[in-house]
Amino acid sequence: MAVKAGYQQTEVGVIPEDWEVVKFSQVCKKTLNGGTPSTKIPEYWKGTIPWITGADVVDQRIKEVRNSITVEAVKNSATHVVTKGNLLLVTRTGVGKVAIAPFDIAISQDLTGIIPTEDASVVYLFWIFNRANRHFLNMNQGTSINGITRNDLMDFALPLPPLPEQT
């Protein structure tokens with residue numbers, strides 16, 4: 001089948017000629033791992049910093065925040081705070097769910113916080129990952145807790161239009 005003029009056949013399908021295919025690692029400035037503060041220290045769970053798990057991502061948004069933690073909990077655990085407007089991707093236990101952080105939010109180990117480069121719009125990446133949900137489910141690995149590996153995430157190929165077209 002011939003490709004229409006102005007388009008090109010790529011590993012991700014037919015895309016406009018002025019778009020490129022990139023690995024996610026090329027448009028990802030930083031990823032943030034999550035973690036769970038110790039539940040043996042009740043004071044950690046009496047703070048004002050919203051803390052979520054993959055179960056709190058429902059219909060591509062943060063449905064509700066069931067827990068809040070303290071600054072000390074963040075300092076003394078593997079959790080990180082993802083700043084408002086950045087991407088949240090569930091990479092364990094509910095793989096493939098995605099949301100944009102509606103406010104600064106701490107994350108469990110079920111999530112990966114994504115801060116894109118200046119070449120990629122958060123909203124564009126949100127829709128790419130939303131559409132790739134089935135792809136991520138197929139990449140799911142693990143015996144007791146399934147998830148996608150950081151390497152698989154970074155190797156994920158996606159079409160990238162010029163920034164004005166992304167926005």
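Is tyrosine 7 buried, partly exposed or exposed, and what is its relative accessible area? The points below take up this residue and then the chain as a whole, which is a predicted model.

1. Tyrosine 7 is partly exposed: its relative accessible area is 37%, a value that falls between the limits of under 20% for buried and over 50% for exposed. The residue lies in strand β1, which covers residues 7-10. Together with Val3 and Val14, Tyr7 forms a nonpolar surface patch of about 240 Å².

2. Valine 57 belongs to strand β6, residues 57-58. Its relative accessibility is 2%, so valine 57 counts as buried. Beyond its neighbours within four places in sequence, valine 57 has contacts with Ile52, Ile62, Val90, Lys97, Val98, Ala99 and Leu111. Tryptophan 127 is 70 residues from valine 57 in sequence, and their C-alpha atoms are 15 Å apart.

3. As to secondary structure and extent, the chain holds five helices and 14 strands. Its C-alpha trace spans about 65 × 35 × 25 Å along the principal axes.

4. On packing, 44% of the 167 residues in the chain are buried. Among contacts with a separation of 6 or more, 63% join residues 24 or more positions apart.

5. With regard to surface and charge, about 9200 Å² of the chain is exposed, and 50% of this area comes from carbon and sulfur atoms. The chain carries 16 positive and 16 negative charges, and the mean positions of the two sets are 8 Å apart.

Terms used. Residues numbered from 1 in each chain as written. Predicted model: local features only at pLDDT ≥ 70, side-chain atom pairs only at ≥ 80, totals over all residues. Heavy atoms only, no water. Patch = residues over 30% accessible without salt bridge, like charges linked within 9 Å, V, L, I, M, F, W, Y side chains within 5 Å. Areas by Shrake-Rupley, 256 points an atom, 1.4 Å probe, with all protein chains shown as cover. Salt bridge = Lys/Arg side-chain N within 4 Å of Asp/Glu carboxyl O. Helix = DSSP H or I, 4+ residues; strand = E, 2+ residues; numbered from the N terminus. Buried < 20%, exposed > 50% of the residue type's maximum accessible area, 1.4 Å probe, protein only. Contact = heavy atoms within 4.5 Å. Lys, Arg positive; Asp, Glu negative; His and termini not counted. Charge placed at Lys NZ, Arg CZ, Asp CG, Glu CD.
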